[in-house]
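Let's walk through this one chain by chain and then look at a place where two chains meet. Have the structure open as you read.

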Amino acid sequence: MVSKGRPRASQHSELLRQMLRIRRFEERCVELYSSEKIRGFMHLYIGEEAVAAGVCQALTPDDAVVSTYREHGHALARGVPATAIMAEMYGKAAGCSRGRGGSMHLYDAARGFYGGSAIVGGGLPLAVGLALADRFQGRNRVTTCFFGDGAMAEGAFHECLNLAALWGLPVLFACENNLYAMGTALAKTHAQTDLALRAAGYGIAAWPVDGMDAPAVAQAAARATESIRAGAGPHFLELRTYRFRAHSMYDPERYRDKAEVERWKKRDPIDTLIARMTAAQELTGDDLAMLEKEIVEEIDRAVAFAEQAPIEPVEDLTRFVYSEIPPSGGTMPARRAEAAS
Amino acid sequence: MTGEPAQFRMPSLGADMESGSVAEWLVHPGDQVRRGDVIAVIDTDKALIEVESFHTGVVDSLLVDAGERVPVGTPLALIAGAAPPSEPRVPTPTAPPARKRPPARAGKKRPQPEPQPEPVAGPPGHPPQPTPPPPITSPIVRHLAEQRGLDLATVHGTGPGGQVTRADVERAESRVKASPLARRIALDLDVDLAAVQGTGRAGAIRADDVRKAAARAGEPREAAAPAEAAPAAPTVQEAAAGEPRLEGRRDAMRQAIARAMARSKREIPHYYLSSTVDMSAALGWLRERNRDLPVSQRLLPAVLLLKAAARAAKEVPQLNGFWIDDAFVSGNAVNLGVAISLKGGGLIAPALLDVADRDLDDLMAALRDLVARSRAGRMRSSEMTEATITVTNLGEQGVEAVHGVIYPPQVALVGFGKILDRPWAVDGLLGVRPVVTVTLAADHRATDGFTGGRFLTTVDRLLNHPEGL
Amino acid sequence: MTEGTTTYREAMREAIREAMRRDERVFLMGEDVGAYGGCFAVSLGLLEEFGPERVRDTPLSEAAFVGAGIGAALGGMRPIVEVMTVNFSLLALDQILNNAATLLHMSGGQLNVPLVIRMTTGAGRQLAAQHSHSLEGWYAHIPGLKILAPATLEDARGMLWPALEDPDPVLIFEHGSLYNLSGVPRPGPVDISHAALRRSGKHVTLIGYGGTAGKTLSAADALAAEGIEADVIDLRILRPLDDATVMESVSRTHHVVIVDEGWRSGGLSAEISARIAEQAFYQLDAPIARVCTTEIPIPYARHLEEAAIPQVPAIVTAAREAVAS
């Protein structure tokens with residue numbers, strides 16, 4: 001699709017736009033967190049934008065995404081409105097999880113965004129199940145499951161790769177290898193650090209991708225999803241990336257040295273793409289300024305929306321523990337989540 | 001014997017106690033103290049502990065101020081005229097240690113002492129009673145009462161002179177054990193749980209117990225006796241209601257006593273006998289028995305007297321029962337009515353059931369319980385109607401002999417005076433012995449003096465062989 | 001054999017068969033549910049009837065296949081996931097608690113999980129500690145789940161369909177000692193919202209469920225011989241608990257014995273006991289009594305196992321004491 005459907009320039013500018021949206025959104029989050037508008041744990045995506053932008057460019061609106069707790073970027077790239085995400089982080093009723101999830105648990109069933117799991121590896125079985133349901137119901141869609149390198153140490157990862165491969169399910173396993181499971185380096189927790197190699201051991205098509213290169217990610221994801229849609233079963237991409245900021249909002253960064261961070265920052269996916277586009281005359285300074293202006297406006301709107309949005313009344317505290325649809329006699333109740341598909 | 005003043009020293013109240021302070025002096029210079037009197041409260045850092053004097057005499061001076069910390073062994077007070085530790089006296093309920101300080105009262109509900117009622121004659125023929133003084137309490141007891149939210153004025157004191165002891169507070173605090181359902185039903189049926197006998201685990205009151213009690217309360221109380229026979233019973237119901245109805249209670253009680261006593265004097269041809277009994281064997285035995293027991297388990301002489309009276313009534317059954325319809329009806333068991341004077345006047349004579357066959361410890365506990373409940377106005381109906389013979393023990397008030405008026409339809413009333421040291425001849429030698437005057441007022445319609453005499457002889461014999469009681 | 005006689009196992013199988021015939025979104029998934037016929041032979045023959053897609057053997061991957069059940073439910077299916085025993089379900093506890101029970105709330109009402117998980121529970125078959133525990137009380141602790149404990153043929157036959165109709169995750173605990181229970185079930189639907197009064201009496205309420213429901217009935221028979229008439233409640237639904245039925249009974253009998261094959265400490269019996277104390281305190285005429293499993297891992301030897309779990313004589317004794325005290 002990427003190579004055929006759209007002109008390359010347009011693909012690049014869309015990647016740039018998504019990456020910049022994510023970057024500016026996250027930067028604003030830092031500010032809002034510092035002024036206590038946002039609380040709780042908040043894991044920023046800065047540095048890893050090429051992964052979300054690239055993978056999501058390969059998805060159709062019908063596809064499903066299962067994500068992690070570092071998922072602002074995935075949600076934005078999948079089209080979850082910035083207003084709803086920001087309101088969620090403000091804990092407002094207009095948030096995409098009605099203030100019950102916060103930064104780590106963003107959901108948008110209508111857009112096939114199955115959230116924000118904060119249990120490392122916990123989303124993988126869901127993705128397998130969603131794909132199984134698609135198989136049963138003859139839907140030709142891909143379920144993309146984002147997870148980190150840390151999740152590959154969890155049993156659930158291995159159970160799920162085995163199961164998805166065994167059943168040939170349409171899942172794209174998108175491993176964001178940012179080299180650290182929170183504060184522990186990949187090499188300190190994995191005997192075999194070639195993650196694609198390990199995934200391949202389950203009989204799955206798997207390869208590594210430069211996760212700092214948005215067009216490369218987009219291309220790889222396009223190849224994988226095309227193959228999945230063609231019935232080739234699950235695919236695995238190891239997206240080699242890096243987070244520029246702390247694991248959560250702030251950490252002492254004792255586990256990695258500054259020089260390493262600086263080295264990776266030189267490979268900033270946004271700067272890299274801007275440089276490439278400028279060189280290819282796909283982007284002018286005015287274009288960039290215009291893009292930045294649009295994005296700032298979008299984020300300003302999101303913040304203003306979140307600020308003025310009403311809170312969920314405490315009387316509704318106990319809602320959504322059980323469904324509010326009374327079971328009907330004899331027939332299956334309609335499921336609201338089906339609106340997603 | 002006089003000599004150098006004795007020293008009251010900071011006692012060691014625990015293996016690890018090195019020092020302590022006097023939290024409160026309970027005596028002042030000039031006060032008379034006896035061996036065993038609590039004279040100070042010591043703060044050991046772990047607890048407040050009441051300590052007693054080992055000397056008898058007059059407090060000469062206090063050497064250490066309250067609050068001052070001193071090592072164990074430091075002299076705290078001098079007690080003049082201290083006799084060497086003599087034969088400890090058998091504790092008898094007597095006046096409190098002389099103290100001039102006004103006793104503190106914990107629950108100062110009433111700024112004014114309640115109006116003293118007219119001194120009321122106790123049962124029949126009792127001399128006017130002195131009004132009991134307000135309860136005297138130690139700091140620990142006040143502290144405990146405060147902790148538990150108890151009004152000390154409502155706690156019956158069993159210490160010397162009615163002093164409220166720690167045990168009294170703890171007893172008062174212990175709740176009636178009843179199931180939640182029983183409590184609810186009791187509330188609905190207006191049944192006083194304290195007057196209900198529990199049949200559940202550990203005596204817990206269950207719903208059925210309350211229902212039965214309510215049913216009993218609904219029955220005529222006089223089933224066993226003519227209407228006027230149990231004068232105190234109806235008044236007790238009112239007594240349970242508490243202070244707001246105190247005046248009414250007293251009036252009613254007075255009226256009931258008046259009716260019963262008038263009927264007794266009108267109908268019953270009394271005869272009176274008396275006998276003086278040497279109590280040295282009984283008290284000696286009691287001393288031995290109490291020696292190693294904690295205070296809570298010690299027996300009082302009163303229990304021996306009651307038990308002796310009950311056993312004698314069993315042996316002379318003609319005195320144990322009722323005169324009804326011109327005939328004597330013997331009691332099934334010896335249910336000993338015990339005349340109990342109430343704080344603030346009046347008296348009731350609830351029964352200790354089946355006394356002749358109960359052991360002394362049991363009886364002691366029952367007596368304590370009965371006195372406490374009587375004064376709290378919490379009697380069981382059976383106790384109010386089932387006495388077969390009554391004992392009055394005005395000796396507690398210092399009276400030497402009591403010539404009582406019989407509670408109709410009973411046929412006898414036994415009186416015990418104060419146990420006093422008196423010259424006493426034994427085997428031709430004069431000595432000092434503790435003696436008690438036992439009296440019998442009996443219904444001449446039911447018995448003759450011969451029978452009465454046999455009763456008193458039996459009491460004498462029993463008290464001289466206390467081990468058999 | 002009487003016409004219509006069936007076993008608990010067959011009733012359960014029939015329920016699955018009926019659900020799969022009735023709704024094509026229903027499928028069965030778990031370890032050895034297909035070719036093997038189910039660890040406890042519940043699904044015997046279903047593979048042949050419905051094929052390997054709908055009667056789906058899984059690898060020994062409790063987290064993956066339970067989680068996949070959750071995902072499939074999100075994707076519009078009505079999965080029945082079978083876990084061999086409650087002990088094994090702990091391997092999937094993360095999925096059950098952090099996803100199935102939590103997604104609806106965490107997503108602000110967007111993602112309900114219409115999933116049924118069946119598993120065996122309980123002791124009595126000399127399977128020792130790792131196959132014999134009664135952990136349904138743990139699951140009953142979790143908001144977002146519904147917990148069923150069919151103890152009769154009717155419930156074995158009838159609970160599955162309403163559980164599948166439920167929009168939220170339902171866990172069905174089948175006590176291992178019940179599979180051979182046989183008889184003629186009454187026809188007709190059953191609800192999954194109420195406890196059942198299995199026997200009426202005025203002196204004491206015996207509360208049991210699952211594996212202890214039958215024992216409470218036997219105890220009631222023995223008590224009747226002594227003149228003690230027991231109300232016997234089969235809880236059926238362990239979450240949400242049917243407080244009304246319990247309180248109504250306790251309000252009539254004023255004495256209560258709770259029988260639970262779970263451990264006493266922090267268990268379901270403790271919860272029921274607390275609720276009675278909270279809601280029917282003034283109806284109690286005796287302390288609440290409990291007969292629970294001794295607080296040990298279930299041992300293998302028959303006599304030890306029998307001594308560890310609630311038995312009829314202990315229930316009788318507890319009831320007698322409750323009534324007498």
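Start with chain B, where 65% of the contacts with a separation of 6 or more link residues 24 or more positions apart. Keep in mind that you're looking at a predicted model. Chain B runs to 469 residues, and 40% of those are buried. As for secondary structure, chain B has eleven helices and 19 strands.

Now hop over to chain A. Here you'll find twelve helices and eight strands. The chain has 341 residues, with 52% of them counting as buried. If you do the same contact bookkeeping, taking pairs with a separation of 6 or more, residues 24 or more positions apart make up 76% of the contacts in chain A.

Next, turn to where chain A meets chain C. How many residues does each chain bring to that contact? Chain A puts in 43 residues, and chain C puts in 39. On the chain A side, three elements each supply at least two residues: β2 (113-116), α5 (124-137) and α6 (155-167). Which of the elements gives the largest share of the side of chain A that touches chain C? That's α5(A), with eleven residues.

What about the chemistry of that surface? Sorted by class, the side of chain A that touches chain C holds 24 nonpolar residues, along with eleven polar and eight charged ones. So far we've been counting residues, but there's another common yardstick: interface size is often quoted as the accessible area lost when the parts come together.

Definitions and conventions: Residues numbered from 1 in each chain as written. Chains lettered and ligands numbered in written order. Predicted model: local features only at pLDDT ≥ 70, side-chain atom pairs only at ≥ 80, totals over all residues. Helix = DSSP H or I, 4+ residues; strand = E, 2+ residues; numbered from the N terminus. Buried ≥ 20, exposed ≤ 12 C-beta atoms within 10 Å, placed from the backbone. Contact = placed C-beta atoms within 7 Å. Nonpolar A, V, L, I, M, F, W, Y, C, P; charged D, E, K, R; others polar.
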